[in-house]
Amino acid sequence: MIRQFELVERVHSYDPGADEDVLNRAYVYGLKKHGTQLRASGDPYFSHPVEVAGILAEMRLDTSSIVTGLLHDTLEDTDATRDELARLFGEEVARLVDGVTKLSRLEVQSESTKEAENLRKLVLAMSTDIRVLLVKLADRLHNMRTLHHIKEAPRRKRIARETMDLYAPLASRIGMEKVKRELEELAFKELNPDGRDSVLARLGYLKEKGEQIVPQVEAELASTLLEGGLVAQVSGREKTPYSIWRKMQQKNVSFEQLADIMAFRIIVADIAQCYQALGLLHGRYQMLPQRFKDYISVPKPNGYRSLHTGVIGPHGQRIEIQIRTADMQEQAERGVAAHWVYKQGRPSTDAPQYAWLRSLIEILDKSSNAEDFLEHTKLEMFQDQVFCFTPKGKLISLPRGATPIDFAYAVHSQVGDTCVGAKINGRMLPLRTQLTNGDQIDIVTSKAQTPSPTWERFAVTGKARAAIRRFVRVRQREQYLQLGRSLLEKTFDEEGYQVTEKGLDGVKANFKQASAEDLIANVGAGLTGAREVLMAVYPGLKQQRKPPAGGAEVVPIGRPRGKAKPRDPAGKENGQIALTGLIPGMAVHFARCCHPLPGDRIVGIVTTGKGVTIHTIDCATLESFSEAPERWIDVGWEGMGDGSAAYTGRLKITVANQPGSLSSLSTVIARHEGNISNLRIVNRSMDFFDMVIDVEVADVRHLADITAALRATPAINAVERARN
Ligand code: MN
């Protein structure tokens with residue numbers, strides 16, 4: 001434990017004007033208040049605040065920060081009050097201690113309360129005075145240094161995770177690289193001891209092989225610069241295990257491929273010399289183009305300035321080199337603390353870090369969402385990921401480009417399978433919406449819902465895609481079975497036979513199928529013809545029926561059979577055009593409710609025993625099938641009609657009740673090569689009558705022509721396509 005006079009001496013070494021009296025009083029007060037309390041290590045509790053004050057002294061902070069370090073746990077853990085602190089140590093210290101206490105309370109709650117909200121509070125609390133954050137970081141650093149004394153592993157893990165996710169990035173964000181590195185290493189040791197050991201073992205092995213390589217490279221670099229007339233301070237170091245590990249993870253490379261485990265720092269007198277040194281090194285060693293970064297002309301947002309480059313070094317190894325001035329070095333290590341000005345008693349506020357904090361506070365004040373904060377701090381090191389919250393505040397990490405479907409499956413497979421919609425930040429948005437950092441996602445589920453094949457197009461996680469594919473396969477088989485069964489029934493029925501399990505079982509081998517069900521599914525999938533199966537079961541049957549052209553068995557029901565004649569009897573059998581998306585051999589009907597015409601957007605509905613019924617996409621009847629999405633088939637027209645009036649369109653027409661109006665109606669339709677197949681008057685008044693007429697047309701364009709011509713006819717008041 002640092003003794004009272006040692007602490008005072010340390011502070012005096014960089015701040016000769018520091019108030020010795022207040023430091024002494026705070027030391028004694030803290031010692032008394034914490035009394036006989038003990039740390040998990042068995043040490044007196046007060047050793048902790050003293051170490052925290054020591055760390056703050058290393059950062060060369062002002063007296064109020066050091067005093068805050070000494071007192072930072074008194075409000076939480078002793079009977080001290082804010083008023084008492086204000087009376088004894090002044091309002092400034094009381095406010096700072098209060099701020100640190102609030103941050104510490106957030107830690108305790110962070111598992112139960114909304115995380116985004118917590119993070120936001122954290123920033124707001126710290127932003128009242130950046131020294132609150134500095135004391136908090138020192139507190140966390142000492143707690144991490146002594147983490148191994150805590151016996152409960154889950155608690156150790158939680159603290160380490162929080163350090164890795166929040167405090168290390170925060171330290172980095174305010175430019176305190178040294179603190180950040182130490183926090184990361186300590187957290188890494190707890191979170192992934194095996195990973196760390198393997199990196200260390202490998203480093204040890206390489207060190208044995210190439211002993212003294214770091215000093216050799218140092219000397220070579222220094223002499224290269226000296227030959228060019230530059231006196232520079234060169235220091236080499238191995239990268240930390242965590243930074244090596246992270247690089248292996250991010251770049252997905254093995255240790256062997258990751259040759260640049262050595263980094264060298266070159267300190268020169270001024271900016272001009274930085275570029276001069278860079279030129280000398282690039283002239284001597286082969287540079288690695290992607291590694292060059294100029295943070296002098298474009299500093300990082302946290303104020304960091306330096307030149308970075310990578311070269312193939314003197315021993316043929318890839319090495320990383322940072323070139324900077326002593327000022328830049330000071331800034332890089334100490335970050336915001338490097339800007340401390342003691343004489344004025346207040347820190348200078350034009351440092352870049354403060355600009356960041358100010359804009360952050362503005363953003364948070366305005367928007368009340370945590371996204372920007374997350375973007376800047378917690379997520380700095382996870383650029384390829386997005387972090388979203390459940391309504392209960394649980395943080396879910398997903399790859400970039402992820403959608404609510406991915407989120408739903410990440411929460412639970414059951415949630416994914418029954419997902420019907422998503423509220424993103426309280427708004428209902430499409431399932432294909434790409435998630436962004438800090439989004440809060442509320443997945444809406446329904447037991448009636450099942451995964452849709454279209455989801456696969458916008459799911460990016462393996463888990464979601466696998467679940468959707470699995471489901472689609474099962475559903476597709478069900479659909480094939482249903483279709484196969486109805487095709488077989490129809491074919492057998494025409495010959496006066498019945499489809500039996502026994503009959504199919506007897507011939508399944510002919511079709512290389514393992515079971516009768518497989519055979520049915522095969523027929524449904526269009527791989528085996530229903531008639532072939534019939535012929536196999538009853539070999540005595542003759543091939544009486546000629547297979548329809550193109551193999552498609554089209555049963556036109558859309559127009560009354562026999563009543564209307566095709567316009568061109570010499571043309572195709574009935575002038576109907578094929579549909580896309582259907583399985584060959586499937587029976588097709590056109591719904592009488594909506595009378596689909598070529599050119600209409602259509603959908604097929606599988607009806608047991610009847611094949612597929614085609615509806616227009618806006619047909620009201622479809623609503624009754626909304627609970628059975630497995631019966632829907634995506635179909636379309638293979639082109640437009642060929643001119644034959646093979647389809648029936650239905651029009652609702654309002655005609656003036658006057659002589660000759662009906663005849664002009666039929667004349668117009670006839671002139672446009674339509675044929676009225678049915679006419680029904682639905683409403684008759686003094687002036688008008690409303691009627692529904694069925695017109696045989698080639699396609700939707702043909703009907704539109706007729707509609708336009710009718711509208712232009714004086715006796716006709718209104719014409720529209722009839723819907724049901
Ligand atoms: Mn503490």
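This passage describes a metal site and two backbone features in a predicted model.

The manganese ion is coordinated by four side chains: H48 and H72, each through NE2, and D73 and D139, each through OD. The coordinating distances run from 2.2 to 2.4 Å. Along the sequence, the donor residues follow the spacing H-x23-H-D-x65-D. Two of the donors come from separate elements: D73 lies in the loop between α4 (63-71) and α5 (74-77), whereas D139 belongs to helix α9 (residues 130-145), so this pair ties together parts that are 66 residues apart in sequence.

Both aspartates are shielded from the surface by the criterion used here. D73 has a relative accessibility of 7% and therefore counts as buried, because the limit for a buried residue is under 20%. D139, at 4% relative accessibility, also counts as buried.

The backbone was examined next. Most residues other than glycine have a negative phi. R60 departs from this pattern: its phi is positive, about 60 degrees, although R60 is not a glycine. R60 is placed in the loop between α3 (47-58) and α4. With a relative accessibility of 33%, R60 counts as partly exposed, a class that lies between the limits of 20% and 50%.

A positive phi is also found at K512, another residue other than glycine, where the value is near 55 degrees. K512 sits in the loop between α22 (501-507) and α23 (516-524). The relative accessible area of K512 is 75%, so this residue is exposed; the class requires a value over 50%.

Conventions. Residues numbered from 1 in each chain as written. Predicted model: local features only at pLDDT ≥ 70, side-chain atom pairs only at ≥ 80, totals over all residues. Heavy atoms only, no water. Donors = N, O, S within 2.8 Å, 3.2 Å for Na, K, Ca; no water. Helix = DSSP H or I, 4+ residues; strand = E, 2+ residues; numbered from the N terminus. Buried < 20%, exposed > 50% of the residue type's maximum accessible area, 1.4 Å probe, protein only.
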